[in-house]
Every structure is written in C-alpha cells, then in structure tokens.
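Please explain how the strands and helices of this structure are arranged with respect to one another. An account in continuous prose, suited to a reader who has not met the structure before, would be appreciated.

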Amino acid sequence: KHRALTTTVHRATRVSTGERMINQSAFSAWALENGIQVGGIKIDSLGPSSGLGLVSTQTIPANKVLINVPSSMSLSVQTPKDYNRKASDLCSSRDIYNSLPWYGQLSLQLNALDQNILTMGGGGDQKTAKPWMDVLPRKFSTPIHFTDEELEELQYPFLVTAVNKQKKQWLESYATLSSNLNNKMALSYEDFQWGCECARSRAFSGSFSGSAFNVKPYAFTLLLITAYVGLGLGSLDQAANGAAIVVCGNILKDFVFPKLLFKDTQTYVICPYIDMANHVGLGASGNVAFEYFSDGYSLASNQAGVAAEEVYISYGSRSNDQLLQYYGFVEENNPFDVYLLPPIREWDIEALETAIGRTVSSGRLLKLERAGLLGNTDNSDTEVFREDASNKGGGVVVSRQDGVDPAVMQALRALISTDEEWEGAGEAIGNFSVEYSGGEENERLTRLAARTAIELELASKATSLEDDENLIEMKFVEQNENEQLALRFRIEKKRLLRDTISRLQ
C-alpha cells in the first residue's frame, strides 16, 4: 500500500524555520507596539518538517477575532491605478510606478521598508518595519528557481511554459523599474524577485474601496443639532432633516459611490501577522475581512477549534499549478486542481478512431474548426499563467470537480457522430451539448474517446504514476527539494487524470 502524502499544507521556503522563529519574538513585540491586536493565537511550527504558521494557544470559539491589523500598518496596492505617493515617489514618475504589475508595486514597497527608506504607521507616528521584514522568508521553493532539468521533472508542459513567461515578464518589469528609480534606492533583480514572491504568496485581494468609518462628521452634526435646537434657531424636525442629509451623504460616500466609480478596482493587501496564515483548500478555520468601523483588517475564526491547532485560511480556488508556481507547495487531493491537455487539434485522431471503431468525418472537423472548438493555433501570448481554469492556448481543461470540460465533451459528441446521429441533431454542434443528446451509443463512444485521449496523455509521461509513488516510498532518495516538489506535483496531476478515467467508465 502506498504511503499517502501529507495533508498539512505550508508555504514552502528554503530559509531556516528556526532562524525566523528567533526573529518572531521581536516581531510580536513590534506588532503589539504598533496597535496590531492578537489574541488566542501565536506564530509557531508544529513539527521539524513544518513551516511557520498561526497556532491557537487556547480553545477558540467560532466567530472570534484573532488578529486585527490597523490599515496604517498594512501594505496595499489598487489596480488599475494606485495612488500611493510615497511608493510612487521612489520612481522617476508616477506613470512608471503604475506601469508595474501589482506585485511589482508591492515589491518596491517591501524593499523600501527593508532598506528603511519607507516607514509604516498613521499620521506622524512613523515606525520602522524592520522586525516584520526579518520574519519574512528570504528564499522560496517556487519553479522560477528551478533549473531547466528540474522544470522537465514536472512532466507538465503548460506549467513549464507559464514559468518561462513569468521569468520574462519579471525581468522586463525589473528593467523598467531599475532604470527609473530615484537616487534613494538601490535594487538588484534578486531583491525585486524576493519582493514579488512575498507579494504573490502573502497578499490577499478584494474590491475594498471607499473609506473606513469616520466618527467626526457625526459628532460635529450632533454638536450642530444641539446648538441649533438649544439656541432656538429652528425646530427639532428641521435639525433631524439636516442630520439625515449628513448620514445619507456618508452612506453614499462610503458604500454607493465607490461601487459605481471604482467597480473595476481591485485592492491587494499584505498585513503583518495575518500574512503568516497558511492555506488549505477546504475546511479553512479562519477568514480575513476588512473592518469598516475599526479601519483595519481582521482574521477571525469561522469554526470552533482547540488549543495547539493550526488556524488555516483559504487563498482561494487555487489549482496546484498556481500553488506551486506562486506559493511553492503542492496540495494533496486539491479539490480545485486542473489538468490542461493539449487542444483537440493536437490529439491523435487515428488512435481515437481505432479505439471507438469509427472514422471521424473531415467535414465534422471543419465544423469544429469554425466553431473554435479545436483550440487555438496562436501561442504567442506572453501573459503570465492566468489564475483561473481558462487558458488562452486552447488546451482541454480537466478538473477534479467537473472532469472533462463540458464544451469539449460536446465537441467530441459531434466529432465522432455518424451521419445518422449528425442529421438527427439537425447538423448543429449546439444540439450535442447535453449527455446522451446524440444517443446512448454516441455517448458511450464519446466517453471512450475522452478516456483514450487521457490514457494516451498518461502513457506519454517519462514515468508512470506507480513509478512516482514508489519514489515517494523511497523517501526521496538522491533528490533535492525542487525535485521532491516536482515529484509531488506530477503525482497529483496523474492521480487527477486517473480519477477522471474512472469517472468516464
């Protein structure tokens, strides 16, 4: 029986956990001094092979606020245009700053804090962020650091392509930034990359907009009402009408106008202490939110927990492609994992014909081509791998949740249909959209065609799933950390394909 991979997921780094633990005492003291409220939780490691995370120090009830970070003690970037004057002033122009991707902007802020060029805090109470910088990981186990040979160990061309695009874009962003920095700051590519990786792995995002609750307009309005009525300048009803206008104005300013004027705005935030929380795909015990009345960000429990238990949050519906590329770990049985097969145009049609005992009509292929269901031929797109299940290369998406993309199953029903089945569907691809729409035999052979394509994909790999699982049993003999991650990654991908084959039976 094969040994299961660990289900505990941590942000993987090559920096010593012990070294960061030494620094965390000073960080915790710094957090307390700067208004970061922490209760019932601490930074700790639950084992020698475990990274740092947030661990409960007591029994925790549901809906308890564990951490609250004032907005002034967080880093943030708004897209598509950020108005952080202190950060943008580090560049020769604000346009240069806003040309950077959001994580490039946060990288600039992190490096400026690390070099004590920028400080944190509200108003005139500015504090160094060095204690926070000292607990951040300095190296990451992400594929951007893999050699070409180690990337090939992933046995997954789509991620290799994505990583190469990532390298190119980050180098281009650094070239733009480094040639337009003011004289206050020196920035190497390694420093820029470190900041980008911290941002990609530690920031959370949302449509946070508008402003936090401000008591001053309400207090001033109350004072005016008291004076207005007390001095006999008008009636209480008139004063109440004026107060209602103030309240409505603030509601419009804080809730309505931001949604109308900034509906396309996305805010990315890194919060000290909250950024130590690790990820789990399902069953997260904590949730991060913006607190309107306290003008800060909180981490609250969403379920009861016991002492000495790690509090996890969810980074979102991330596939293992995204988790490995930007966070440096692989999640076992990831419910949001996907596999990108080559587009249908690259499938071995003759092998499919042999498997199903039918000949594919060239006219049917032309119909699918015109409908755009064979996949793209233009792979010149330079965008970094997108953080969703879609893909501009036109690959076939196989997901753990839904199996083979329904649009692809529709295309296969039309592709392998006989003339009789095609005519019965009104010679329209759209009429093959639901299961058994081409008849029972058509559905059986469609599933067989999809199964055959996935089996061929598995057979094309340099190692089998069984080979890889045996390597796990051998406890990573003669493998470095990158090779171990690549092995875990390809095991999960192959298991996803194997499970999909079973579902197609």
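In this predicted model, strand 13 and strand 14 are joined by a hairpin with three residues in the connection. Strand 14 covers residues 403-404 and pairs with strand 13 in the antiparallel sense over two bridges. Within this pairing, Val-398 has Val-404 of strand 14 as its bridge partner.

Strand 13 also pairs with strand 12, which spans residues 338-341; the pairing is again antiparallel, and four bridges hold the two strands in register. Here Leu-340 lies opposite Val-397 of strand 13. In a regular strand, side chains alternate between the two faces of the sheet. In strand 13 (residues 396-399), Val-396 and Val-398 point one way, while Val-397 and Ser-399 point the other way. Residues on both sides of strand 13 are buried.

A further sheet is built from four strands. It is open, with the order 1-4-10-9 and antiparallel pairing. Strand 1 (37-38) and strand 9 (286-291) occupy the edges; each has a single partner strand, so one side of each has no neighbour in the sheet.

The sheet may be followed strand by strand from strand 1. Strand 1 runs antiparallel to strand 4 (residues 65-70), and two bridges join them. One pair of bridge partners is Val-38 and Ile-67, the latter in strand 4. Strand 4 in turn pairs with strand 10 in the antiparallel sense, over five bridges, and Pro-70 stands opposite Gly-296 of strand 10. Strand 10 then pairs with strand 9, also in the antiparallel sense, over six bridges. In this pairing, Val-288 has Leu-299 of strand 10 as its bridge partner. Strand 9 and strand 10 form a hairpin with four residues between the strands, and Asp-295 in this hairpin adopts a positive phi near 50 degrees.

How is strand 10 placed with respect to the rest of the structure? Six of the six residues of strand 10 (residues 296-301) are buried, so this strand is largely enclosed by the rest of the structure. Both of its faces are covered: Gly-296, Ser-298 and Ala-300 are buried on one side, and Tyr-297, Leu-299 and Ser-301 are buried on the other.

The helices may be considered next. Two packed helices are described by the angle between their axes and the distance between the axes. Helix 4 (residues 102-114) and helix 8 (residues 189-202) have axes that come within 7 Å and cross at roughly 115 degrees. This angle makes helix 4 roughly perpendicular to helix 8, and their crossing is right-handed. Residues of helix 4 that take part in the contact include Trp-102, Tyr-103 and Leu-106, and among those of helix 8 are Phe-192, Trp-194 and Arg-200. The residues of this contact comprise nine nonpolar, four polar and three charged.

A second packed pair is formed by helix 12 (residues 349-356) and helix 16 (residues 440-459), whose axes are 9 Å apart at an angle of about 130 degrees. Helix 12 is therefore oblique to helix 16, and the crossing is right-handed. Helix 12 contributes Ala-351, Leu-352, Ala-355 and Ile-356, which meet Leu-445, Leu-448, Ala-449, Thr-452, Ala-453 and Leu-456 of helix 16. The contact of helix 12 with helix 16 comprises nine nonpolar residues, one polar residue and no charged residue.

Key:
Residues numbered from 1 in each chain as written. Predicted model: local features only at pLDDT ≥ 70, side-chain atom pairs only at ≥ 80, totals over all residues. Heavy atoms only, no water. Axes fitted to C-alpha atoms, helices over the stretch in contact; angles between N-to-C directions. Parallel < 35°, antiparallel > 145°, perpendicular 65-115°, else oblique. Left-handed = near helix turned anticlockwise from the far one by under 90°. Contact = heavy atoms within 4.5 Å. Nonpolar A, V, L, I, M, F, W, Y, C, P; charged D, E, K, R; others polar. Pairing = 2+ DSSP bridges. Buried < 20%, exposed > 50% of the residue type's maximum accessible area, 1.4 Å probe, protein only.
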